[in-house]
Amino acid sequence: MAGLVPGIHVFAAGVYKGVDARHKAWHDAERAAVAASPMQIALDEARAAAVRGEVPVGAVIVRAGDILARAGNRTLELRDPTAHAELLAIRAAAAALGSERLTGCDLYVTLEPCAMCAAAMSFARIRRLYYGAADPKGGAVDNGVRFFSSASCHHRPEVYGGMSESECGALLKDFFAARR
Ligand SMILES: [Zn+2]
């Protein structure tokens with residue numbers, strides 16, 4: 001066999017064994033592509049928020065490959081300063097699971113979370129946080145109070161910043177540029 005044709009699965013056990021290392025690398029890449037898609041959904045939520053006149057931030061909560069919740073900012077619409085995308089997604093996921101603990105859940109958000117949302121993620125026992133653009137002014141994960149590193153934080157998710165960073169950041173820049 002000369003090589004794997006992209007996009008075509010080879011399930012025959014013998015063939016799989018023969019190209020094991022390459023096949024594994026290919027599956028890892030495929031899994032990475034699947035892992036990237038929740039951020040694309042979060043970006044869709046951020047764009048929808050911009051259309052509503054809200055600051056374009058979107059969030060998605062995933063467990064075992066299933067999307068449990070997706071939300072965009074609704075602080076203006078709900079007249080609620082706590083209606084950040086992450087908090088709305090956490091509330092929806094908790095309702096969906098019937099539990100205040102989101103064990104095994106991963107949260108994707110287009111912007112580095114603020115202190116309020118970081119604390120909520122800690123209380124919710126979020127497993128992993130993936131965020132897009134860093135927020136030097138309002139972020140509280142790798143900027144500001146660095147909540148997850150503080151002594152008053154008792155559950156720290158694994159944090160992966162900079163995912164689809166340029167796309168997430170451009171959305172915010174365009175939004176604020178258009179309002180000037
Ligand atoms: Zn927030």
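This briefing describes a five-stranded sheet and the helices that pack on it in a predicted model. Residues are numbered from 1 along each chain as its sequence is written. Because the model is predicted, local features need pLDDT of at least 70 and side-chain atom pairs count only at pLDDT 80 or more, while totals for chains, interfaces and linings use all residues.

**Confidence**
- The protein averages a pLDDT (the predictor's confidence in each residue, from 0 to 100) of 87, and 80% of the residues score at least 70.
- Over residues 1–16 the pLDDT is below 50, and this stretch has 10 contacts (C-beta atoms, placed from the backbone, within 7 Å) beyond near neighbours in sequence.

**The sheet**
- The five strands (DSSP runs of E, at least two residues, numbered from the N terminus) form an open sheet in the order β2-β1-β3-β4-β5, with mixed pairing (at least two DSSP bridges between two strands).
- β2 and β5 (158–160) stand at the edges with a single partner strand each, so one side of each is left without a neighbour in the sheet.

**Strand β1 and its partners**
- In β1 (residues 58–63), five of the six residues are buried (20 or more other C-beta atoms, placed from the backbone, within 10 Å of the residue's own).
- β1 pairs antiparallel with β2 (residues 66–72) over six bridges, with I61 opposite A69 and V62 partnered by I67.
- On β3 (residues 105–111), which also runs antiparallel to β1 and is joined to it by five bridges, D106 stands opposite V62.

**Helix packing**
- Helix α3 (a DSSP run of H or I, at least four residues), residues 85–97, packs on the sheet and touches β1, β2 and β3.

Definitions and conventions. A residue is buried if 20 or more other C-beta atoms lie within 10 Å of its own, exposed if 12 or fewer, and partly exposed in between; C-beta atoms are placed from the backbone. Two residues are in contact if their C-beta atoms, placed from the backbone, lie within 7 Å. Axes are lines fitted to C-alpha atoms, for helices over the stretch in contact, and angles run from 0 to 180 degrees between N-to-C directions.
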